[in-house]
Amino acid sequence: MLSRQDNDVKEKVAETIRARSLKGRFTKVNDLTIEPLSLDEEQVRACLREMSASDRYPDIQCVSGKNQDYFFSNREMTTSYAQILLRIEEKDLLTLIAEVVRNDSKVYPRPTDIRVFARNPFLIPENLLKDVLAQYRGNDEFSDIKQVTASNEAIYLYSDRYLSKVKAEALIELTEVLEDE
Amino acid sequence: MAKTYGWAGKILRVNLSTETITTEDTLKYADFIGGMGLGYKIMWDEVPAGTKAYDPANKIIFAVGPFTGTGIPCSSRTNITSLMPTHNHLIGDSHMGGHFAAELKFAGWDGIIIEGKASRPVWLRIENDKVSIESAQRLWGQGTFQTTADICALMGAEAQVATIGPAGENMVNQSIIITGGSHSAGGHGGVLGSKNLKAIGVKGTLPVHLACDRQAFLEMDRYLMSLIGSNNQHVVPSSPQPWAEFYNPRTRWTARKGLYWGAANPPVETGECPPDDMNSVGLRCHKAVFDHGDIAEAYTVRMGGCHSCPIRCQSTLEVPEAEQYGVSRYASNTCVGWSFPRSIMIKGYKDGSTGRGTKEALIATVVSRNLADDYGLWCNYNQISRDFKYAYEKGILKNVLPQEEYESIPWDKLEAGDPSFLHEFYRRICLKIGEFSHLGDGSYIISRRWNFGQDYYDDPQWRLWSPLGFPQHHSSETAGQVGALINVMFNRDAQCHSHVNFTGSGLPIEIQKEIAGELWGSPDALDAPADYTPMNKYKAKFAKFAILRNILHDSLTLCNWMWPMQVSPLKERNYRGDTALEAKFFSLVTGIEKSESELDQDAERIFTLHRAMTVKQMGTVDMRNKHDLISNYVFDRDPDKKPFTPGTIKMDRDDMELAKTLFYEEMGWDPQTGAPTRSCLERLGLKDVADELETLGLLPS
């Protein structure tokens, strides 16, 4: 039977995860062992395992990176945002940009305005973005990521798995030129 | 007079010829609601066919509706109805936001009917039921800013003023009536000028009565606010945010971490504005960066807007460099209110850039905006900049202007991107100086006067939607046939946003199509952008809904850039809005129970009356071939592509004729001609209209 102390710890962990999620941040195990919570690492890991198996914390979700897990509350943070945040945390820009472009091309569907990557939550400097785009060339894993330019020179990316070139060109012309009033 | 709910209960009638002021009962027009409906009904009843816009027999009606001044979000619109000063003088309406509408209601009036012509310049002063015609001798010739200041000096700072500038005084066809320095109604300024009426100042201290108890109203307001998005009812943020499942860089929900009103003191961060935070609704739309690009962030003082609107879609900029060109460093506006003044510099800006996004573009825009608003010039939805560009680049101006006049215009400044050129542009047009001033006549007139080529109507870059001389305004580039139908139905640029709000909401196309199916009968009512399909009856229903809601909003009055609430930002509602909200508020406010379909039928009555008046004025039932016209470029663009193939918005002529037929059938009009039939008119309680059209031989057989 769980002790009151165990339940208290779980509540504190859940509160922390939810509060951080509200601010657009993941919670890692490390965040719970430092101040102000200063919990024992083993205790935290045990709590998190029990919470994920329990139906008392259905909103507490986990996404796994290469070397660690990230926790968030899906009441305060959507899964789609969590997916972006995961790549940012993992500093995996190649996968991040490709996943955003593929998702945009599949779901909406629309090409991705590269100016979006300079803003929150991405904050990717221009030179770094250029590097990433250069790495896509000749890389089979990202061969579907294509670039397209509007007549006003705005640059977009799209995935030809989901969007044709002719449609991508038409959509950005609509967005940048025809619908600008 | 018995207490009225929603409506004030009185309409002011001012005869400027006889200088008599009388009062009428609003509720005799209740079937037409108010605003646009009131305007059309009065014009039908009182202005004979054959009247021209500047004739004293023309009337101009400023009208509001039962929602105005109640505090319902986005309800401070003034609708202005009169004949349009164009080649064909057809009926049309213009609108302005700001605070004038609410103030008129607080003064106890649902509308002002202005008729006749004053013998000398006058302005109308309204303070509750104290109404007088005042001499405008000192005001005449002044810009709109000084006129507003002078009238407020007389009436008090809380007065609201609607005024024309020199453009309207000189009966430039393309003139505005403006209130609050930045909220303008385009197209009717010259009508006020023809009547020697410079301005209307209004101040009110009366309540607007609601039929319901305050708790019921507050609950409905809270419900509405839970569904409200950002400007244009965009319900998805423009960047990924923790609270949002979707994002779309083209929405107007532009707030994000690190985006500021940069010229505010201290700067105000817009931040992440989740939909359940009522305190940040006004931060959701950083319209300055949307309209001008990221450069505008540092120059943005704040967002502003209209009475009782939480959205705040007008950006106020502070650009100190504008002062060197003799204008204020401050300017406020939104959308085409910015793109038009920017576009006058057709050769670009001082730094060699063209288009938006640079500081020089911003400086030129603020200079141009100040001049346009102060002089009172209307842009015909930015068509005037294209009229100018065509005439200049094709060498037409050099041919048609007398040599002396041509050489007196500082073209070198235009070529160099020097904003001081703009003084000459506006001065000459608005003071009617020389042949150049005919740019203010309107596209139909100027294209004939100066012998523009047919390419002006055939080339998509000029955007001249109708051979009748008005530009595209969310036309076939927005939902194909739906936008196209909306754009042929009026006597000016369409000014309808119901459909583009929906398609621009930011939601994925599959969700939009699901909602379209629920609202208009099938997901096939909506095509994906640049991937159109042939016409079907559901698209006709969508077009009808979009137009009727626009009409309804301009009659109630509500802002059609926000309403109807077709969608919401709430995942827990599957992003559905509530299109019955207009009816729910109507029943609460007026005490008259109306369902959604009953209120839509009132709108149908008003729009059909507009159609009937257009038939009467044009003297033909053949609306299909004489009025509902579309320029060739809509069908001939992208010559290497076929209609209804991915990657083009090209339309098909036969398909559009089918679209018109299906729309006419939806409206109950004659499917051949597009004219209202007797049975349709009688169904809508317009038997008197049917009788009159019949005596004129203008009912379809």
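**View 1. Charges of chain A in the predicted model.** In chain A, the 26 positive and the 33 negative charges have mean positions that lie 2 Å apart. The structure shown here is a predicted model, and the scores that accompany the model are an ipTM of 0.94 and a pTM of 0.97.

**View 2. The helices and strands of chain A.** Chain A is built with seven helices and five strands, and a reader who follows the chain from the N terminus meets these elements in the order α-α-α-β-β-α-α-β-α-β-β-α. The radius of gyration of chain A is 20 Å, which is well over the 16 Å that the globule rule gives for 181 residues, and therefore chain A is more spread out than a compact globule. Along its principal axes, the C-alpha trace of chain A spans about 65 × 35 × 25 Å.

**View 3. Burial, contacts and surface in chain A.** Of the 181 residues in chain A, 48% are buried, where buried means that a residue has under 20% relative accessible area. When the contacts in chain A with a separation of 6 or more are considered, 55% of them are made by residues that stand 24 or more positions apart. The area that chain A exposes is about 9,700 Å², and carbon and sulfur atoms supply 46% of this area.

**View 4. The helices and strands of chain B.** Chain B contains 27 helices and 17 strands. Its radius of gyration is 24 Å, close to the 27 Å that the globule rule gives for 701 residues, so chain B is as compact as a globular protein of that length. The C-alpha trace of chain B, followed along its principal axes, spans about 65 × 60 × 55 Å. As for the confidence of the prediction, the mean pLDDT of chain B is 97, and 100% of the residues of chain B reach 70 or more.

**View 5. Burial and contacts in chain B.** How many of the 701 residues of chain B, as a percentage, count as buried? The share is 67%. Among the contacts in chain B with a separation of 6 or more, residues that are 24 or more positions apart account for 66%.

**View 6. Surface and charges of chain B.** Chain B exposes about 22,100 Å², and 49% of this exposed area is supplied by carbon and sulfur atoms. Chain B carries 71 positive and 84 negative charges, and the mean position of the positive charges is 2 Å apart from that of the negative charges.

Technical notes:
Residues are numbered from 1 along each chain as its sequence is written. Chains are lettered from A and ligands numbered from 1 in the order in which they are written. This is a predicted model: local features need pLDDT of at least 70, side-chain atom pairs count only at pLDDT 80 or more; totals for chains, interfaces and linings use all residues. Side-chain values use heavy atoms; hydrogens and water are left out. Helices (H or I, at least four residues) and strands (E, at least two) are DSSP runs, numbered from the N terminus. The radius of gyration is taken over C-alpha atoms; the globule rule is 2.2 Å times the number of residues to the power 0.38. Buried means under 20% relative accessible area, exposed over 50%, partly exposed in between (1.4 Å probe, protein chains only). Contact means heavy atoms within 4.5 Å. Accessible areas come from the Shrake-Rupley method with a 1.4 Å probe; for residues, only the protein chains shown count as cover. Lys and Arg count as positive and Asp and Glu as negative; His and the chain ends are not counted. The place of a charge is taken as NZ of Lys, CZ of Arg, CG of Asp or CD of Glu. pLDDT is the predictor's confidence in each residue, from 0 to 100.
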